[in-house]
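Morning, everyone. I have one structure to walk through today. Please have it open as I talk.

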Number of protein chains: 2
Amino acid sequence: MARTIGSHGPKTMEAIRKAGLRLIFEHGFAAMSLRQLAAEVGIQSGSLYNHISTKQELLFELVRDHINELLRQLDRALQGKQRPVDKLRAFVAFHVSYHMTRKREVFIANSELRSLEPKNYEAIVALRGAYEARLAEILTEGVAEGEFEVVDVQVATFAILALLTGLTTWYRPGGRLTKEAIVAAHEKLVLSSVAPGPAPDRAQTKRPPSRRVATRGTLERR
Amino acid sequence: MARTIGSHGPKTMEAIRKAGLRLIFEHGFAAMSLRQLAAEVGIQSGSLYNHISTKQELLFELVRDHINELLRQLDRALQGKQRPVDKLRAFVAFHVSYHMTRKREVFIANSELRSLEPKNYEAIVALRGAYEARLAEILTEGVAEGEFEVVDVQVATFAILALLTGLTTWYRPGGRLTKEAIVAAHEKLVLSSVAPGPAPDRAQTKRPPSRRVATRGTLERR
DNA sequence: TAGTTAAAAAAACGTATGATCGTTTAATTG
DNA sequence: CAATTAAACGATCATACGTTTTTTTAACTA
């Protein structure tokens, strides 16, 4: 017995990616074995090599394709928006909605960078940088036009991204809140966080001078 | 040749923890081998078992002790604070300052939950819940006293924690910004994010009705 | 100082891993 | 329909893993 009746390359590849995504999410890249993955797909582990050349390639492509799709859809969501506040709102709505359905990919893209080989790592970091740049651009414009106020654009960019992405750690479909409520909650948080003007109890608090800094800095991600 | 001259249990244990922290951070728990760890410490891999009983125990204790320390110091930072806004500011300042020095622990505590055995996992999740509860409590009080406004306390809690913790992914000592500037940037973001009142351009935006919800929900973490 | 405990080295155990390779069958192509 | 390609099976390779066990030496204790 050899080739299974009904086998079809593209279909098997899809099953591999789907199972890989789940197993890496649940166990981690290193802890997922190819025997485990193959069993999940319904083939023998040696057969995986008809579809992927290495285990590393599977991880790389899962992460890369996720980020590429994210960029594609973000650009679509931002289309036609002119004012920074509209862009930011669209960014938030898109990010939250999209990430509700990509919990696994996001977690893996954050936790498995270290499992990527150097060349792959660099490619992924560059893609992530492109996504971050879009938000930084929105904030920079908003600050320049007086619509936003932040202490530091780069810090705000990373912080807001973290805030928005954090939902993947707790969100589950069918929970207490509707998708719309969650989007609304994040919109309020984010749009308020960069709103010009005082934070609570300015009259009784000492705050650093309000500085509007719109420069890119030397901050690095790990 | 057997016992090395100058060996001292507590000291070796500390070296194991330190090396373990770094290697797990850099490679992941599953990808770090005990031979690698032992080499880093300067002993043979079998000798590790004089100090730890299993590889799993090492991970568990690293994560558990980190969170316990976090809780201890948070409570100290909140001491004497009465008003919600003061508590929140103290929370932010503490969280940001503390996490600047615990980048590795934090990343591991977030990405290696899945590497914990069920019993250990539950213990850690409970500890994390205690930390989250402290922020949720502050927000709830603030909302009840009219100092804060959020769409949903639980969502805001998780979002703010994510925002504050996100710094560990990019912060490096000696970067462009001083520690104080980073704390200030986060304070502005967080305190503004829960500030009562309008987000930018209320006049031109449709927003959901402002609801002050202070209930605990059924949200779950992964 | 003899006995005990601690902590290391060294070797081995039982099991597991990513990947290779040869064979077999199914599907496709001209 | 024969030949080719695709995709699977089954076995194996070379290496690695967490852990155990025995031995050896250092440090401590009474």
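One definition before we start: a residue is near a strand if one of its heavy atoms lies within 4 Å of it. With that cut-off, α1(B) gives the most to the surface near DNA strand C, with 3 residues. And a caution: this is a predicted model.

Let's stay with DNA strand C. It has 30 residues around it. The closest are A:Ala2, A:Lys55, B:Thr12, B:Gln44 and B:His51. So what part of the strand is the protein touching? Sugar and phosphate make up 64% of the atoms of DNA strand C that come within 4 Å of the protein.

Which helices are involved? α2 of chain A, residues 34-41, and α1 of chain B, residues 9-27, each supply at least two residues of that surface near DNA strand C. By residue type, the surface near DNA strand C splits into 10 nonpolar, 15 polar and 5 charged.

Now some individual contacts on DNA strand C. Take A:Gly6. One of its polar backbone atoms is 2.9 Å from a phosphate oxygen of DNA strand C. A:Met32 also uses its backbone: an N or O atom there lies 3.3 Å from a phosphate oxygen of DNA strand C. B:Thr4 uses its side chain. An N or O atom in that side chain is 3.0 Å from a sugar or linking oxygen of DNA strand C.

Next, DNA strand D. Here 29 residues are around the strand. A:Thr12, A:Gln44, A:His51, B:Ala2 and B:Lys55 come nearest. For the atoms of DNA strand D within 4 Å of the protein, 64% belong to sugar or phosphate, and the rest to bases.

Which helix supplies the largest share of the surface near DNA strand D? That is α1(A), with 3 residues. Two helices each supply at least two residues of the surface near DNA strand D: α1 of chain A, residues 9-27, and α2 of chain B, residues 34-41. The residue types near DNA strand D are 10 nonpolar, 14 polar and 5 charged.

Three backbone contacts to look at on DNA strand D. A polar backbone atom of A:Ala2 is 3.3 Å from a sugar or linking oxygen of DNA strand D. For A:Gly9, a polar backbone atom is 2.7 Å from a phosphate oxygen of DNA strand D. On the other chain, a backbone N or O atom of B:Leu34 lies 2.8 Å from a phosphate oxygen of DNA strand D.

Leave the DNA now and look at chain A. How many helices and strands does chain A have? There are 8 helices and 0 strands. Of its 222 residues, 51% are buried. Take the contacts in chain A with a separation of 6 or more. Residues 24 or more positions apart account for 75% of them.

On to the core. In soluble globular proteins, nonpolar side chains tend to be buried together. In this model, the largest nonpolar core has 140 residues. A:Leu37, A:Leu88 and B:Leu88 touch the most other members. Zoom in on A:Leu37. Leaving out residues up to four places away in sequence, A:Leu37 touches A:Ile16, A:Ala19, A:Gly20, A:Leu23, A:Met32, A:Leu48 and A:Leu58. You have met A:Met32 already; its backbone is the one that lies 3.3 Å from a phosphate oxygen of DNA strand C.

Two residues in chain B next. First, B:Glu147. It is in the loop between α6 (118-144) and α7 (153-165) of chain B. Is B:Glu147 buried or exposed? B:Glu147 has a relative accessible area of 13%, and the cut-off for buried is under 20%, so B:Glu147 is buried. What does its side chain reach? One partner is the side chain of B:Arg83, in a polar contact of 3.1 Å. Another is the backbone nitrogen of B:Val85, at 2.9 Å.

Second, B:Gln56, in helix α3 of chain B, residues 55-78. B:Gln56 is buried too, with a relative accessible area of 10%. Its side chain reaches the backbone oxygen of B:Ser115 at 3.1 Å. B:Gln56 also touches other residues, including B:Phe29, B:Leu116, B:Glu117 and B:Asn120.

Last item: helix α8 of chain B, residues 179-193. At 1.5 Å a residue, its 15 residues should span 21 Å, and its end C-alpha atoms are 21 Å apart, so the two agree. α8(B) is mostly covered, with 13 of its 15 residues buried.

That's my tour. Over to you.

Key:
Residues numbered from 1 in each chain as written. Chains lettered and ligands numbered in written order. Predicted model: local features only at pLDDT ≥ 70, side-chain atom pairs only at ≥ 80, totals over all residues. Heavy atoms only, no water. Polar contact = N/O pair within 3.5 Å; in protein donor to acceptor, adjacent residues only side chain to side chain. Helix = DSSP H or I, 4+ residues; strand = E, 2+ residues; numbered from the N terminus. Nonpolar A, V, L, I, M, F, W, Y, C, P; charged D, E, K, R; others polar. Core = buried A, V, L, I, M, F, W, Y, C linked by side-chain atoms within 4.5 Å. Buried < 20%, exposed > 50% of the residue type's maximum accessible area, 1.4 Å probe, protein only. Contact = heavy atoms within 4.5 Å. Expected span 1.5 Å × (residues − 1).
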